[in-house]
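Trainee: Can we go through this model together? I would like to start with the overall fold and then look at details.

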Amino acid sequence: MKRIMVVDDSQILETDVRRLLEGTEYEIVCYCQNGETALAMYGDVLPDLVTMDIIMPGIDGLETARTLLRRHPDAKIVMMSSLAYGDTIEEARSIGAKDFIFKPFNQEHLLTSLERVLSGV
Ligand SMILES: [Mg+2]
């Protein structure tokens, strides 16, 4: 199984992702409701991939991703947001996020992104 960490202040999102991943080769091994928790947990969990919300209370997802990648340059982060502005996507890319999934998404969008990022294509 590929181990996924979900970072999102909405638990509904986590529930949706968990449902979409049922029966696949991916499983959520850690759910964090904010960036601070994600930064604290990452080193213990060492997931294969992190999905990262952008708008969250406290440190936002872009800042969390920046800090996480500074500490763990090999971390694979997929930003997951309804923010569709080009400069946000560009910033996510420049920070080192591997992909950007727009909310709302379906199972195909999700699996395509996870597969692409984890296969390194
Ligand atoms: Mg949010």
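Mentor: What follows goes from the whole chain to the sheet, the helices and a few residues.

Mentor: This is a predicted model: local features need pLDDT of at least 70, side-chain atom pairs count only at pLDDT 80 or more, and totals for chains, interfaces and linings use all residues. Residues are numbered from 1 along each chain as its sequence is written.

Trainee: How many helices and strands does the chain have?

Mentor: Five helices and five strands. Helices (H or I, at least four residues) and strands (E, at least two) are DSSP runs, numbered from the N terminus. The order from the N terminus is β-α-β-α-β-α-β-α-β-α.

Trainee: What is the radius of gyration?

Mentor: The chain has 13 Å, which agrees with the value near 14 Å for a compact globule of 121 residues. The radius is taken over C-alpha atoms, and the globule rule is 2.2 Å times the number of residues to the power 0.38. Along the principal axes, the C-alpha atoms fill a box of roughly 35 × 30 × 30 Å.

Trainee: And what share of the residues is buried?

Mentor: Buried residues are 30% of the 121. A residue is buried if 20 or more other C-beta atoms lie within 10 Å of its own, exposed if 12 or fewer, and partly exposed in between, with C-beta atoms placed from the backbone.

Trainee: Next topic, the sheet. In what order do the strands run?

Mentor: The sheet is open, in the order β2-β1-β3-β4-β5, with parallel pairing. Strands pair if DSSP finds at least two bridges between them. The edge strands, β2 (26-32) and β5 (99-102), each pair on one side only. From one strand to the next, the twist averages 25°.

Trainee: How many bridges join β1 and β3?

Mentor: Four, between β1 (residues 2-7) and β3 (residues 49-52), in the parallel sense. I4 stands opposite L49 in β3.

Trainee: Which strands does α3 touch?

Mentor: Helix α3 (residues 61-71) packs on the sheet and touches β1, β3 and β4 (77-81); its direction makes about 175° with that of β4. Contact means that the C-beta atoms of two residues, placed from the backbone, lie within 7 Å. Axes are lines fitted to C-alpha atoms, for helices over the stretch in contact, and angles run from 0 to 180 degrees between N-to-C directions.

Trainee: What about α5?

Mentor: Helix α5 (residues 107-119) also packs on the sheet, touching β1, β2, β3, β4 and β5, and its direction makes about 175° with that of β5.

Trainee: At what angle do α2 and α3 cross?

Mentor: Roughly 20°, with the axes of α2 (residues 35-45) and α3 coming within 9 Å. That makes the two helices roughly parallel, a label for angles under 35 degrees. Residues making the contact include L39 and Y42 of α2 and T67 and L68 of α3.

Trainee: Back to β4. Why is it described as largely enclosed?

Mentor: Because five of the five residues of β4 are buried. I77, M79 and S81 point one way, V78 and M80 the other. β4 pairs with β3 in the parallel sense over three bridges, and M79 is the bridge partner of M52.

Trainee: Last one. Is F102 buried or partly exposed?

Mentor: F102 counts as partly exposed because it has 13 C-beta neighbours inside 10 Å. F102 is in strand β5. F102 and M80 are 22 residues apart in sequence and 5.9 Å apart in space, C-alpha to C-alpha.

Methods. Angles under 35 degrees count as roughly parallel, over 145 as roughly antiparallel, 65 to 115 as roughly perpendicular and the rest as oblique.
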